[in-house]
Amino acid sequence: MSVAICPGSFDPITLGHMDIITRASQCFDTLYVCVMVNCDKSKHMFSEEKRLDLIRKSVAHLPNVTVEAWSGLLADYARKKGANVIVKGVRNVTDFDQEMQMARINGGILPGLETVLLPASAPYEHFSSTMVREMIRYNQPLEQYVPAPVAKELSNI
Ligand code: PNS
């Protein structure tokens, strides 16, 4: 059985994340979407609980996807889950550089742990959680950037 992990900060989940999660869920038997700590992003707009809740509502229609949080190393989470693939989306060369570094680090910690990079689908190439947080701060409509359950919930804050 193939088991993969789609890790990230998801602050909050965007349609770009959904594009990658949906496509990854079609490639593997089981996909864990894991909310993790990115040391370069110390301040979050949404709590871990809230991010988990928003992702769970967004992926409820994908039966082979499980959503969890992990505060340790990604490689340790992969070991615990028996996963040998990490899936990340890449939008541009900056993402690619960062993901290459992380792929080498993760493969170094846990040999055999592979990273599969999926190119972002064209409509979502410019999407980011940072952009969505800006839209929230300035009370802009969110429907075109985040999954419907997230847009509904965040329009009430
Ligand atoms: O959505 P992001 O912020 O690009 O995701 C980055 C994330 C959270 C996947 C990365 O920072 C991570 O793997 N953090 C867990 C700690 C870890 O394993 N670090 C070593 C690999 S760089």
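This passage describes the nonpolar cores and some backbone features of a predicted model. Local features were considered at pLDDT of at least 70 and side-chain atom pairs at pLDDT 80 or more, whereas totals for chains, interfaces and linings use all residues. Residues are numbered from 1 along each chain as its sequence is written, and side-chain values use heavy atoms, with hydrogens and water left out.

The largest nonpolar core (buried Ala, Val, Leu, Ile, Met, Phe, Trp, Tyr and Cys residues joined through side-chain atoms within 4.5 Å) has 34 residues. Ile21 and Val33 touch the most other members of this core. At least two core residues come from each of β1 (3-8), α1 (15-25), β2 (30-35), α2 (48-58), β3 (65-69), β4 (85-90), α5 (129-137) and α6 (148-154); helices (H or I, at least four residues) and strands (E, at least two) are DSSP runs, numbered from the N terminus. A second, separate core of 13 residues includes Tyr32, Met36, Tyr77 and Ile86. Not counting residues up to four places away in sequence, Val33 is in contact (heavy atoms within 4.5 Å) with Cys6, Phe10, Ile21, Ile55, Val65, Thr66, Val67 and Glu68.

Phe10 is found in the loop between β1 and α1 and has a positive phi of about 50°, although it is not a glycine. Phe10 is buried, because its relative accessibility is 2% (buried means under 20% relative accessible area, exposed over 50%, partly exposed in between, with a 1.4 Å probe and protein chains only). Pro12 lies in the loop between β1 and α1, and the peptide bond from Asp11 to Pro12 is cis, with omega near 0°. In the loop between α5 and α6, Asn139 also is not a glycine and has a positive phi, of about 55°. Asn139 counts as exposed because its relative accessibility is 67%.
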